[in-house]
Amino acid sequence: MSGILVFLEQRDGMVRQASIDLWNRLQEPAAADAERQPLSGIIAGPASTVGIETVLSGSCTIYHVSSDLLGLYQPEQYTQTVAELFERSGCSSLVFADTALSRDLAPRLSVRLGDSLLSGCSWPSAIGAGTCSRSVYSGSVVASFAAETGRRIYTISSQGSSAVPRKEGAIVIIPVDDLSGDTTRASAVVQMIAMTAARPDVSEAGIVVAGGRGMGSAEAFAMLDELAGLLGGAVGASRAVVDQGWRPHSEQIGQTGKTVAPRLYLACGISGSVQHLAGTGGAGTLAAINSDRHAPIYDVADFGIVGDVHTVIPKLIKEVREFLKKK
Ligand SMILES: Cc1cc2nc3c(=O)[nH]c(=O)nc-3n(C[C@H](O)[C@H](O)[C@H](O)COP(=O)(O)OP(=O)(O)OC[C@H]3O[C@@H](n4cnc5c(N)ncnc54)[C@H](O)[C@@H]3O)c2cc1C
């Protein structure tokens with residue numbers, strides 16, 4: 001029993017970037033365990049697989065269960081389908097990107113199959129060895145976990161990893177239509193309603209412009225909305241801001257908010273508390289604007305501007321506008 005089966009999560013018929021990034025990282029030489037074990041994938045739901053070989057690395061097989069019943073995330077249907085395919089595949093590891101869906105599905109599979117679950121694993125994880133590490137207590141401790149069963153299920157965090165370019169290869173898609181499916185559906189998801197459509201979600205955005213109490217008011221966030229709009233990014237917030245009612249909880253980043261992994265994280269008027277930074281570890285570059293040169297955010301920032309957000313951000317917006325005009 002060996003091999004890694006990667007769950008390629010789809011939403012609205014498109015494979016999600018978090019799964020693509022995980023797949024491509026598993027193909028990297030640094031992912032030594034993956035190198036020694038064959039990789040295959042599973043897509044559940046009526047997703048478009050046209051051109052999938054242009055985003056996924058390597059020469060591998062992907063099993064596609066395209067049933068319409070799997071269009072939206074149906075917990076029972078998904079559990080039954082993925083469990084059946086995992087057993088059939090003979091693989092020793094089932095790997096998910098750490099997403100809201102996998103945090104629901106992976107424990108269900110673990111209970112159904114009796115396989116150990118290692119969740120929120122840091123990258124790189126020793127998938128073949130059945131161990132994983134994860135930072136806990138707001139990043140102050142790194143804990144190690146070991147699986148107790150030979151077959152294991154993992155959810156892998158994108159924190160601390162960066163996207164890797166695709167490697168040449170040939171992906172073979174195998175349609176699967178002979179699974180038994182779940183005939184005892186107790187519930188069904190009938191509709192998913194997106195909270196906001198105009199901007200990317202803060203947890204998925206490539207650029208996050210985040211504001212803290214130092215912004216001074218809800219109105220001042222108009223500057224951040226404008227800057228994020230110009231950069232094609234999302235606006236994030238500290239808990240102090242959400243507690244004040246200046247921004248919605250869906251934008252909160254940190255221990256009790258969302259975890260982000262953008263290429264650029266711009267922290268404006270944010271002090272850099274350990275609880276806030278618990279959500280920003282995956283950022284490629286962290287830049288800060290803060291009027292206090294001793295603010296803790298500067299201990300972790302790659303770049304910083306010591307200054308007042310009301311002076312610096314309008315200048316930044318002007319510069320970005322001029323830059324974009326010249327492009
Ligand atoms: C259990 C628990 C969970 C928590 N979870 C979270 C969480 O998920 N996310 C989170 O963010 N926090 C969380 N917190 C709260 C956290 O401890 C901090 O209180 C919070 O992050 C502070 O937010 P802030 O940086 O916006 O505000 P402050 O700490 O008040 O910092 C404001 C910063 O703005 C700067 N500033 C002020 N005026 C200006 C100006 N005009 N221009 C430039 N800079 C200026 C100041 O120098 C200061 O550094 C949690 C706390 C607890 C106890």
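Which domains does the domain assignment of the chain give? Select residues 4-175 for domain 1, then 207-326 for domain 2. Bear in mind that this is a predicted model. With both domains coloured, place a marker at the centre of each, taken over C-alpha atoms: the two centres are 31 Å apart.

**Helix α1**

Next, select residues 17-26, which form helix α1. Seven of its ten residues are buried, so the helix is largely enclosed by the rest of the structure. Buried here means under 20% relative accessible area. To see which residues these are, pick S19, I20, L22, W23, N24, R25 and L26.

**The ligand and its shell**

Now select the ligand and show what surrounds it: 24 residues do so. The closest are R213, S238, T256, S271 and N290. Colour the shell by residue class, and it divides into 16 polar, four nonpolar and four charged residues.

**Polar atoms at the ligand**

Zoom in on three places. At I253, a backbone N or O atom lies 2.8 Å from a nitrogen atom of the ligand. At G269, a backbone N or O atom is 3.0 Å from an oxygen atom of the ligand. At N290 the side chain takes part: one of its N or O atoms is 2.8 Å from a ligand oxygen atom.

Switch to a surface view of the ligand. On its own, the ligand has 980 Å² of accessible area, and the protein covers 73% of that. Finish by selecting α6 (239-244) and α7 (274-277), the elements that give two or more residues to the shell around the ligand.

Notes:
Residues numbered from 1 in each chain as written. Predicted model: local features only at pLDDT ≥ 70, side-chain atom pairs only at ≥ 80, totals over all residues. Heavy atoms only, no water. Buried < 20%, exposed > 50% of the residue type's maximum accessible area, 1.4 Å probe, protein only. Helix = DSSP H or I, 4+ residues; strand = E, 2+ residues; numbered from the N terminus. Near = heavy atom within 4 Å. Polar contact = N/O pair within 3.5 Å; in protein donor to acceptor, adjacent residues only side chain to side chain. Areas by Shrake-Rupley, 256 points an atom, 1.4 Å probe, with all protein chains shown as cover. Nonpolar A, V, L, I, M, F, W, Y, C, P; charged D, E, K, R; others polar. Domains from an automatic or database assignment.
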